[in-house]
Amino acid sequence: MAVVCRNLRAFAQKTSSLRCTPNFLRLYSQSKPAPPKLVTVDVDKAGVATVTLDRPPVNSLNTGLLEELGVAIKDLEANKTRGIILTSSSNSVFSAGLDILEMYEPKKQNLSLFWTTLQNTWLSLYRTSIPTVAAINGHAPAGGCLLALSCEYRVMVGPKFTIGLNETQLGIVAPQWFMICMKDAVGRRQAEMALTAGKMFSTQEALNIGLIDKMVSNKEEAIAEAQKFIAQFAKIPPLARRMTKESIRQEGIKYMEENAIDDLKAFMDLVVQPNIQKGLGMYLEAMKKSK
Ligand SMILES: CC/C=C\C/C=C\C/C=C\C/C=C/C(=O)SCCNC(=O)CCNC(=O)[C@H](O)C(C)(C)COP(=O)(O)OP(=O)(O)OC[C@H]1O[C@@H](n2cnc3c(N)ncnc32)[C@H](O)[C@@H]1OP(=O)(O)O
């Protein structure tokens with residue numbers, strides 16, 4: 001026993017002295033790599049932040065990415081950033097929308113966290129006093145379209161990408177707050193037509209109905225247009241801007257503040273339905289087969 005104790009003491013001394021050596025630090029950092037960041041933030045000299053979704057291959061929105069996006073927005077608010085440009089690291093997809101794997105055969109607790117994180121991050125983006133622009137450099141179906149719609153201005157790379165709330169095509173109904181965002185952008189009539197058909201719009205079609213504000217031919221142009229949009233607010237008194245944005249977006253903000261719990265319950269009840277689970281499984285299979 002005494003020998004074991006002595007050995008343990010020797011080992012403890014050895015490891016505690018090892019703890020500070022470069023070799024130990026290298027070994028430790030190799031054994032515990034930091035998880036890759038799913039959202040990166042770059043602030044330029046003018047104080048404008050480019051927030052890049054970086055979850056290959058398609059930036060599907062899982063709890064981790066949504067959480068990071070929410071934290072990034074809060075940090076940028078605390079740092080008095082002058083503008084946020086939301087874009088993607090992919091060359092062909094802005095975001096494929098909600099991560100279907102978060103909804104397929106889920107654990108109840110995970111599903112609840114997923115939806116609550118989506119609600120909170122959406123509200124942070126939708127109501128932030130910072131000017132927001134989506135530089136949409138790829139396809140933006142469903143939840144991807146929602147993120148773009150939550151920004152104040154949308155510049156999209158065309159002509160080959162598509163955008164829209166395609167939920168009815170998947171046999172589901174977009175939540176009310178998704179619909180409010182679409183109505184905000186294109187008006188009730190166009191929103192009704194788009195949502196009932198679950199239409200995915202080409203860039204040109206999206207421009208025609210006001211779903212996007214500008215079509216450009218590459219990401220660099222999209223970022224330049226986004227910067228131009230943000231720059232105009234340098235001359236506008238910030239308090240007046242903030243109060244106007246908050247007021248004009250009141251319907252969506254109030255909806256989420258008053259209905260978050262009911263919205264969560266409706267989502268949880270719906271997703272676990274056997275027919276929805278079966279549909280999600282088939283959809284995932286179909287995406288694999290279409291490769
Ligand atoms: C469907 C929800 C049902 C019930 C929930 C109830 C209520 C929900 C309330 C809210 C509304 C839902 C909102 C949503 O956002 S649902 C998600 C809708 N998104 C889509 O339909 C887009 C699907 N993806 C695509 O169309 C294409 O992937 C895309 C055009 C974006 C890109 O095409 P590309 O050819 O470049 O890539 P793929 O080969 O198709 O995909 C690569 C890889 O990624 C996987 N993938 C794609 N999209 C998703 C996704 N949304 N979630 C998880 N995984 C996704 C795809 O399977 C491939 O995987 P692998 O084969 O393993 O490489």
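## The β4–β6 pairing

Let's start in the middle of a sheet: β4 pairs with strand β6 (residues 153-157) in the parallel sense, over 4 bridges. One pair to look up is isoleucine 136, whose bridge partner in β6 is methionine 156. Bear in mind throughout that this is a predicted model.

On the other flank, strand β3 (residues 83-88) runs parallel to strand β4 (residues 132-136), and 3 bridges join the two. Here leucine 86 stands opposite alanine 134 in β4, and isoleucine 85 has valine 133 of β4 as its bridge partner.

Is β4 enclosed or in the open? Of its 5 residues, 5 are buried, so the rest of the structure largely encloses this strand. That goes for both faces: Thr132, Ala134 and Ile136 point one way, Val133 and Ala135 point the other way, and all are buried.

## The six-stranded sheet

Zooming out, β4 belongs to an open sheet of 6 strands, in the order β1-β2-β3-β4-β6-β9, with mixed pairing. At the edges stand β1 (39-43) and β9 (214-216); each has a single partner strand, so one side of each is left without a neighbour in the sheet. On average, and ignoring direction, neighbouring strands of this sheet are turned by 20° against each other.

Threonine 50 gives a view from strand β2 (residues 48-53), where it has its place. With 19 other C-beta atoms within 10 Å, threonine 50 comes out as partly exposed, because the buried class begins at 20. Setting aside its neighbours within four places in sequence, threonine 50 is in contact with Asp42, Ile85, Thr87 and Ile223. If you want a distance to check, threonine 50 and glycine 83 are 33 residues apart in sequence and 8.4 Å apart in space, C-alpha to C-alpha.

## The three-stranded sheet

There is another open sheet, made of 3 strands in the order β5-β7-β8, again with mixed pairing. Its edge strands are β5 (140-141) and β8 (201-202), each of which pairs on one side only.

Strand β7 (residues 162-164) and β8 run antiparallel, joined by 2 bridges. Across that pairing, threonine 162 stands opposite serine 202 in β8.

## Around the ligand

Which residues come nearest to the ligand? Out of the 30 residues around it, they are Ala96, Gly97, Leu98, Ala142 and Gly143. By residue class, the shell around the ligand divides into 20 nonpolar, 6 polar and 4 charged.

Several helices pitch in as well. α4 (100-103), α12 (250-271) and α13 (274-289) each supply at least two residues of the shell, and α13 gives the most, with 4 residues.

## Helices buried and open

α13 is worth a closer look. This helix has 16 residues and reaches 22 Å from its first C-alpha to its last, close to the 22 Å expected at 1.5 Å a residue. How many of the 16 residues of α13 are buried? The number is 0, so α13 lies largely in the open.

Helix α7 (residues 176-186) has a list of buried residues to go through: Trp177, Phe178, Met179, Cys181, Met182, Ala185 and Val186. What covers them includes α6 (143-150), α8 (188-197), α9 (203-209) and α12. So α12 turns up in two places: it is among the cover over the buried residues of α7, and it supplies at least two residues of the shell around the ligand. Just after α7, glycine 187 takes a positive phi of about 90°.

Over in helix α10 (residues 219-231) you'll find glutamate 220. Is glutamate 220 buried or exposed? It counts as exposed, because it has 12 C-beta neighbours inside 10 Å, and a residue with 12 or fewer falls in that class. Glutamate 220 and leucine 147 are 73 residues apart in sequence and 20 Å apart in space, C-alpha to C-alpha.

## The chain as a whole

Putting the pieces together, the chain has 13 helices and 9 strands. Buried residues make up 38% of its 291 residues.

As for contacts, take those in the chain with a separation of 6 or more: residues 24 or more positions apart account for 75% of them.

Note on methods. Residues are numbered from 1 along each chain as its sequence is written. This is a predicted model: local features need pLDDT of at least 70, side-chain atom pairs count only at pLDDT 80 or more; totals for chains, interfaces and linings use all residues. A residue is near a molecule or strand if its C-beta atom, placed from the backbone, lies within 6 Å of it. Ala, Val, Leu, Ile, Met, Phe, Trp, Tyr, Cys and Pro count as nonpolar, Asp, Glu, Lys and Arg as charged, and the others, Gly among them, as polar. Two strands pair if DSSP finds at least two bridges between them. Axes are lines fitted to C-alpha atoms, for helices over the stretch in contact, and angles run from 0 to 180 degrees between N-to-C directions. The expected span of a helix is 1.5 Å times one less than its number of residues. Two residues are in contact if their C-beta atoms, placed from the backbone, lie within 7 Å.
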